[in-house]
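Me: Got a minute to go through this one with me? I'll put it up here.
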Amino acid sequence: SQGIIERDETPMEKEIARLHRVDFEFSDIFYFCRKGFEAIVEDEVTQRFSSEELVSWNLLTRTNVNFHYISLRLTVVWVIGVVVRYCFLLPLRFTLAAIGITSMIVGTTMVGQLPNSSVKNYLSEVVHLTCSRILVRALSGTIHYHNKENKPQKGGICVANHTSPIDAIILTNDGCYAMVGQVHGGLMGVIQRATVKACPHVWFERSEVKDRHLVTKRLREHVADKSKLPILIFPEGTCINNTSVMMFKKGSFEIGGTIYPVAIKYDPQFGDAFWNSSKYNIVSYLLRIMTSWAIVCNVWYMPPMVRKEGEDAVQFANRVRSAIAHQGGLTELPWDGGLKRAKVKDTFKEEQQKNYSKMLVRKGSIG
Amino acid sequence: MLLGRLRGLMFAWHTTRRKLSSSQPGAASPFGSWRCEGCGGDLAWEPFLWLREAKVGFSHSQITRLYSRFTSLDKGENGTLSREDFQRIPELAINPLGDRIINAFFPEGEDQVNFRGFMRTLAHFRPIEDNEKSKDQNGPEPLNSRSNKLHFAFRLYDLDKDDKISRDELLQVLRMMVGVNISDEQLGSIADRTIQEADQDGDSAISFAEFVKVLEKVDVEQKMSIRFLH
């Protein structure tokens, strides 16, 4: 989708070029002023935390931000669409989802009773795959997997870009992973407790999550055991709207082991999969998903990557992120996904101030 | 969510009825079909009426996009932006003059800016088009004229709004731009030199006329403009 403005990428040094050989001029603020206004009109970061705007309408009012009346015929078509989606598709999908979740809980509990053996692992895999496929059907998901030869192997870590909670289901549709996450209450907690009996998922208590060393240690132990399923991690830490990949947190890349990057790209024409957690809670999100036309996405498995000599975790994370962004056709942003809720650090502002100060003293007669 | 959908549906029904039952002369224009004088209309569309009259100069599609930008920044969903809403933009928060820029949106003593005020401030940054330069001057000066752009920049420096940039004000703005990287003495001498060069009437402060004189050779139109698409 097109932007509102065309940004001027002239660097500060060129912009604040000196007319005379002096250090400060009144016109210096023009640069900061314009940059500020460009950011107000359109900035790279906040647009990633809301749903992508579509070029042409797909008959879902939720995806047309500038909804306005076009014609009577279109409205009638839209009304028919609403009836089909809410009265026909929604009940079917809801039933399927209920069946899927129930069979997951019952199946994994039953498999969990067995003693640890290869039979148990096989059965656990069957149960997970089957229930996952039922759930994907419940969302009318059409998933295209590419490069299946690069599928994550046991003892590895699978990293992917994060758009919504259903990313996990999309991936488990095609293989078994060990999930990593926080223990929740309610229905989610029931599912977590049931599945962990059948398959060694890694669920952390809320208090444990704060302790980064504990988290890293447990994950390291899991990865070291080559018979265990690959871990599934979303290093962005939060849901982004599937037009870009934001900063990867380095924690996952410090564990060691082989990283299997996966790129997930949803087709926005059929339904918006992005979960805007500040605007919608999980229930209304699931309702929106179940009343979309479909969830269509492409999943690319990419060749495994390991940390190179002399590369630290941050550089490795950036390398993996570039690869995922390139494959999925997403833009890369160095900004932290945590900016959805948190304020940006002052160090960035201080950097700008430093650059400007260098310009002031460099050419001036002072210092 | 359902309420929004109902609203959309009612809106579509309402405009259908109007189209079928009347032959309003304004129905042809894109704004005309949204307006409803009879029943009080949908308040959300009110800003568009004002903009058409005030000739802020943006095109229909630009206004629509800027309105959706405004609503996406408006986290409280009350039709106005507060200072916190602006500070949530990371690229603005790291701008050394971010606070001064945000301040420019809020009129004296106010904490909220509505879409009208938002557009008025943004209008300063519209590029000056060629066909506007030759327009006759009997109407009010457009907000994006060279003089108004310079006035906007002047107000960024003039912290106490007394129409003069004093040494202290200049020092404060300089301090915002350089952070902790330059000492007080150095900054003081930079400020002194700048004022000395620009000051013509010897009052150790810069008035708007002196400000304009200093910047007469600068391409203000280009530096203080944002390239809006379509």
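Me: First off, which residues of chain A does UniProt list for "domain: Phospholipid/glycerol acyltransferase"?
Reply: Residues 156–267 of chain A, according to UniProt, and the entry is unreviewed. Keep in mind that the model itself is predicted.

Me: How much helix and strand is in that span, and how far apart are the end C-alpha atoms?
Reply: Residues 156–267 of chain A are 33% helix and 22% strand. The C-alpha atoms at the two ends lie 28 Å apart.

Me: OK, on to the interface. How many residues of each chain are in contact?
Reply: On the chain B side there are 69, and they touch 64 residues of chain A. Together the two chains bury about 6300 Å², with 70% of that on carbon and sulfur atoms.

Me: And how many salt bridges and polar contacts between chain B and chain A?
Reply: Three salt bridges. One pairs Asp43(A) with Arg69(B), where the closest N and O atoms are 2.9 Å apart. As for polar contacts, twelve residue pairs qualify with both residues at pLDDT 80 or more.

Me: Which element of chain B gives the most to the side touching chain A?
Reply: Helix H11, residues 184–198 of chain B, which puts in seven residues.

Me: What's the make-up of that side by class?
Reply: The side of chain B that touches chain A has 44 nonpolar residues, 15 polar ones and ten charged ones.

Me: Which strands pair up between the chains, and are they parallel or antiparallel?
Reply: Strand S1 of chain A (residues 5–6) and strand S5 of chain B (residues 227–228) run antiparallel, joined by two bridges. Within that pairing, Glu6(A) sits opposite Arg227(B).

Me: Switching topic: how many salt bridges over all chains?
Reply: The count comes to 25. One of the pairs is Glu38(A) with Arg7(A), with 4.0 Å between the closest N and O atoms.

Me: What does the Glu38(A) and Arg7(A) pair tie together?
Reply: Glu38(A) is in helix H2 (residues 28–41) of chain A, while Arg7(A) is in the loop between S1 and helix H1 (12–15) of chain A, so the pair links parts that are 31 residues apart in sequence.

Notes:
Residues numbered from 1 in each chain as written. Chains lettered and ligands numbered in written order. Predicted model: local features only at pLDDT ≥ 70, side-chain atom pairs only at ≥ 80, totals over all residues. Heavy atoms only, no water. Contact = heavy atoms within 4.5 Å. Buried area = accessible area lost by both parts, 1.4 Å probe. Salt bridge = Lys/Arg side-chain N within 4 Å of Asp/Glu carboxyl O. Polar contact = N/O pair within 3.5 Å; in protein donor to acceptor, adjacent residues only side chain to side chain. Helix = DSSP H or I, 4+ residues; strand = E, 2+ residues; numbered from the N terminus. Nonpolar A, V, L, I, M, F, W, Y, C, P; charged D, E, K, R; others polar. Pairing = 2+ DSSP bridges. UniProt positions renumbered as here; feature names shortened; annotations may be inferred.
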